[in-house]
There are 4 protein chains.
Amino acid sequence: MTRVAIIGGAGYTALELIRILLRHPDVEIVAISDIQEGQPHLASIHPSLAGRLDLCLEKLSPAEVSARAECVFGCLPHGVSASIVPHLLDGNTRVVDFSADYRLNDPQVFAKWYGQEHADPDRLGKVVYGLPELFREDIPPAQLVANPGCFPTSAILPLAPLLKAGLVEPDGIIVDSKTGVSGAGRTPRLTTHYPECNESICAYNVGRHRHTPEMEQILSTAAGANVDVVFVPHLVPMDRGILTTTYSRPVGKLTEDKLMDTLIDFYAEEPFVRVVDHFPGTKDTWGSNFCDITARIVSDRVITISCLDNLVKGASGAAVQNFNLMFGYPETTAM
Amino acid sequence: MTRVAIIGGAGYTALELIRILLRHPDVEIVAISDIQEGQPHLASIHPSLAGRLDLCLEKLSPAEVSARAECVFGCLPHGVSASIVPHLLDGNTRVVDFSADYRLNDPQVFAKWYGQEHADPDRLGKVVYGLPELFREDIPPAQLVANPGCFPTSAILPLAPLLKAGLVEPDGIIVDSKTGVSGAGRTPRLTTHYPECNESICAYNVGRHRHTPEMEQILSTAAGANVDVVFVPHLVPMDRGILTTTYSRPVGKLTEDKLMDTLIDFYAEEPFVRVVDHFPGTKDTWGSNFCDITARIVSDRVITISCLDNLVKGASGAAVQNFNLMFGYPETTAM
Amino acid sequence: MTRVAIIGGAGYTALELIRILLRHPDVEIVAISDIQEGQPHLASIHPSLAGRLDLCLEKLSPAEVSARAECVFGCLPHGVSASIVPHLLDGNTRVVDFSADYRLNDPQVFAKWYGQEHADPDRLGKVVYGLPELFREDIPPAQLVANPGCFPTSAILPLAPLLKAGLVEPDGIIVDSKTGVSGAGRTPRLTTHYPECNESICAYNVGRHRHTPEMEQILSTAAGANVDVVFVPHLVPMDRGILTTTYSRPVGKLTEDKLMDTLIDFYAEEPFVRVVDHFPGTKDTWGSNFCDITARIVSDRVITISCLDNLVKGASGAAVQNFNLMFGYPETTAM
Amino acid sequence: MTRVAIIGGAGYTALELIRILLRHPDVEIVAISDIQEGQPHLASIHPSLAGRLDLCLEKLSPAEVSARAECVFGCLPHGVSASIVPHLLDGNTRVVDFSADYRLNDPQVFAKWYGQEHADPDRLGKVVYGLPELFREDIPPAQLVANPGCFPTSAILPLAPLLKAGLVEPDGIIVDSKTGVSGAGRTPRLTTHYPECNESICAYNVGRHRHTPEMEQILSTAAGANVDVVFVPHLVPMDRGILTTTYSRPVGKLTEDKLMDTLIDFYAEEPFVRVVDHFPGTKDTWGSNFCDITARIVSDRVITISCLDNLVKGASGAAVQNFNLMFGYPETTAM
């Protein structure tokens, strides 16, 4: 049995994380912290949890959290996380961090894309990127794991095997993603107000989305060469799900069989990646930790199509997968 | 050609009103006021109006509005309207008021349900309730018309003819309404945040919704007796539309033929009420000024089902219908 | 470990049932039958199950199913079920039947509402109605359990305790239900074609829905008196969820405290009924086996509001709850 | 006053066409034909038209239609249209054809993509492609106009000016489109069954969609060079709207200002194309004949984002725009 705590408990990733952890036979949730006024009961913030977990949202210091929990899931915004996590690590707690703060290796890249200096720059470059499909061996010994972004996971899983095998060119890769609205978080804004975004689709943050350098860093590692990505996310009227369509150029002559076989072989032993023949829809992965992938060649262009649930494989499911690896539980437990 | 202005131009009813008025051959929109910072162009607030109406949202005093316009459409919140409208009327402007401020006859009823003293109590009881199907003759000479609430219109249109004809008992009438989210306005709140209200239906303001006394007042007039209503609204994951199901007890022996014939006869000449045999859905009235009605008798209970577009017949379409009657245009112009 | 089979495996209730059973530590799914051509793999019918269960949809006789499984979940249409179930029972298999065939006690009531003679009339009146909250003690020894209808569960759970306690009058109870589209099944029809039912709400089968006699039968048992119900279902643009609003008359003087306390006491020990103070939304129960209930008194009318996931507590979750009771597993296993 | 008829009146494009034509002061709809059994009243097929147009769906021969109408709108499936249209033209009727049958110049290209021989091959290459923004001068004298496909319009409008000006390379253009479900027509299928496509997004017909050669043909004309397109459509859970994101390579050094200015200049006089600075959403064009366009340069890639209502500018609105040009009415009438 492992004692875990969640900091930043009022959002959607925390809710999904709790749902998953409640199914985990070896986890006890001992604390949930947030900055809500008056320490409300969890069920008053998340009514779906009524009768399932009898905890209040407490305002806790990192030291208080560390004293209670062996593992902390950090559901804090970027920028905030890097000011809290070091204190948790000092307390010998292990951390799965959902924020972007520890995903990039280079503090200058962070500063450029996030518009602020990094609060804990010396740690960058030494933190494990928690994508087990690429970095499984680094996760068990890690004290801190940077949980991947939802868009990067959806783009890296289909592209990394192709780049690694040298099947596609590393430059000019186009990543056209479509996401459900929960990815925008739980704070009400006009863009996510129901009558604004329902029955509508739009692009946003074109060329400026902060998940771009994360994709480029991990894909460059896979390619062993500099990868640059044109990333355009779109907001789709649905709760959950990301579908990512990528376009890249093949290296030399490439058949669809070779393309698919490379993906199938790469993921043959993976419990949560399904390489499929049909065109998957996000609903196929709803509520699950799967990422479904297919690929085609059209007019000398390699097209990959991948989908996942942004709150599960794109966030909380991936976090529990990492937790399982860190604490020696079977990787698929609770999923 | 009539010069009109809109006050409170940033919301959904104003947007819908402008869409309708742009189709009106005899209307010139001369001013749109709101309290936005910096007098933004209309198209920056409502992108769908780009290239269609070249106006900015100005901060205007009632006197400035009156000086420009012969008719003002007031899209202000309740409470605010009653502090502005008297000044408009002093300026000899005619007003169609969307707020609830001038719908009730009794200032004490207003105070009880709206939790505040009425700012212009002497006028109450003398303002025309702008439902042409019941009060058409009072509208042309009126300087001020109180535009009906969306839920009341959906409940009054099916029930008034039955109460007037003495077919149903006036007490214990149940009104179970289902509304799209645009009825909640354009201000982002957690309850109308997409991932909260999408894929969910809930009741709200049970027994406390402010449209209750409005229904009771108008239906009592129709019945010539005190009508009391149990009103339960529900929030449905869709942009627009209200479906209202009412349950009442028949007076004596009543056949479904008699029931339907009464409705058909009552609305025989009405351009915007359709009495239909099938069960109408809100989509049948999407974007139109129609209210579709049917009725049944089940286990000695009279059931009416009615639907309309809350932004059109429930707000801006009704307002233009009133405007047409006030200014002598054919009632269906622009609709 | 219990070997189970599912007959009628291509629909939504079967899919949800499989999802739940895959989490059950003591269940082995040994066969899934359906009448699809060519014995397709389960994953080609339900892509979300790819990699999770390696079975094909077989065309199996009742005897073949009985030979393999200790328990059969029957996900067949009404009418069909009563021609298959007797053969399963002859084979000593235990059955949880999702259809309406074994819910009513009286073959004549069945014939009246379902428009056909019952194929197995002698068994009616002797089958357990699988609502553990009312009939828990009858379920463990049963060979055949009739799994309740989704609307009846949503109406019976709030009303039965009130009728049992004599708090509300048994006649003239109004049940106004709102359901997501998955309740209509998986066969494409114009009424459930996306552009027809999206962004629209409508009533259907007013006064004629077949769940009416089921509600009346169970509620009459609870009341010890004849209960009659006016039932109006509505189709809501969402995948899942039922919200039911009921209106009844109190017996004598009744306070809201007494009303709520009666519900709270009745369900104090129930794992899947939550009596809540707020107005619950269907999303609070999404994917779970909970039914959330609240109640109010407005203008001398008792109003209950209840919600559940039609595919879980309204179908497959209830079925697993029954299965757990029948086979001696903890009632909440896999949920 | 022009007498018009519609053939294929039961679908969504016909419904939208009727809605628009009912606002046209100079149009009389004299006949609507379809192959429904029993000549049902229009309102029984399209309940939203109740009380608005008193016509039945008749089974009419081309000669009967020609005898009544000066202009016929053909809302027939591809393949069928080419067997009917020649007879209409023989009858001296003018035709706006919604099908794909007369859009391509080359019968062999048609045969390759549509899997059938063309029924009227000699006419190909002589029919006007009804996109007024590119071919306005050819439309007034035409007897037959091929109304453009919805996806092609959304891709051609942003790309044609850039290709014409030589700003982007003609090869390897990626067109990633997202469409609402009404584009799939009104025939119920599993892929457009509400619980299947709601809350999900998927790609379909990747590299095989029949609108590909149509885009390539028109864009090649604009470019004066061979254009090849990689086209991937996606199905989005919403009724209407297409958003198209294109990716192409700039020719030489290109600034965003130059890019936008080219679009702004090209469409300066167009009533229905709005070049905007923000990222437009499909809701901005809901129910209107507008196409909103913006463009960016990211990592040496030109990105255009465009959106329109697939039933209006993508079908019926464009048809009325063509009709207005053919019959000498102001181009924006009824829109």
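Copies are superposed by least squares on the C-alpha atoms of residues with pLDDT of at least 70 in both. In this predicted model, a turn of 180° with a shift of 0.0 Å along the axis lays chain D on chain A, with an RMSD of 0.0 Å. The two copies are therefore related as by a two-fold rotation axis. The same surface serves both: 100% of the contact residues of chain D recur in chain A.

The contact draws 41 residues from chain D and 41 residues from chain A. Together the two chains bury about 3300 Å². Carbon and sulfur atoms account for 62% of that area. On the chain D side, the most area is lost to chain A by Glu199(D), Ile201(D) and Lys283(D). These three residues together make up 20% of what that side buries.

Polar interactions also link the chains. Two salt bridges are counted between chain D and chain A. One salt bridge pairs Asp176(A) with Lys178(D), with the closest N and O atoms 3.2 Å apart. Residue pairs in polar contact between the two chains number 22, counting pairs with both residues at pLDDT 80 or more.

Several elements of chain D each supply at least two residues of the side that touches chain A. They are the helix α8 (194–197) and the strands β8 (173–179), β9 (202–203), β10 (229–235), β11 (242–248), β13 (291–298) and β14 (301–308). The largest share, four residues, comes from β10(D). By class, the side of chain D that touches chain A comprises 21 nonpolar, 10 polar and 10 charged residues.

Key
Residues numbered from 1 in each chain as written. Chains lettered and ligands numbered in written order. Predicted model: local features only at pLDDT ≥ 70, side-chain atom pairs only at ≥ 80, totals over all residues. Heavy atoms only, no water. Contact = heavy atoms within 4.5 Å. Buried area = accessible area lost by both parts, 1.4 Å probe. Salt bridge = Lys/Arg side-chain N within 4 Å of Asp/Glu carboxyl O. Polar contact = N/O pair within 3.5 Å; in protein donor to acceptor, adjacent residues only side chain to side chain. Nonpolar A, V, L, I, M, F, W, Y, C, P; charged D, E, K, R; others polar.
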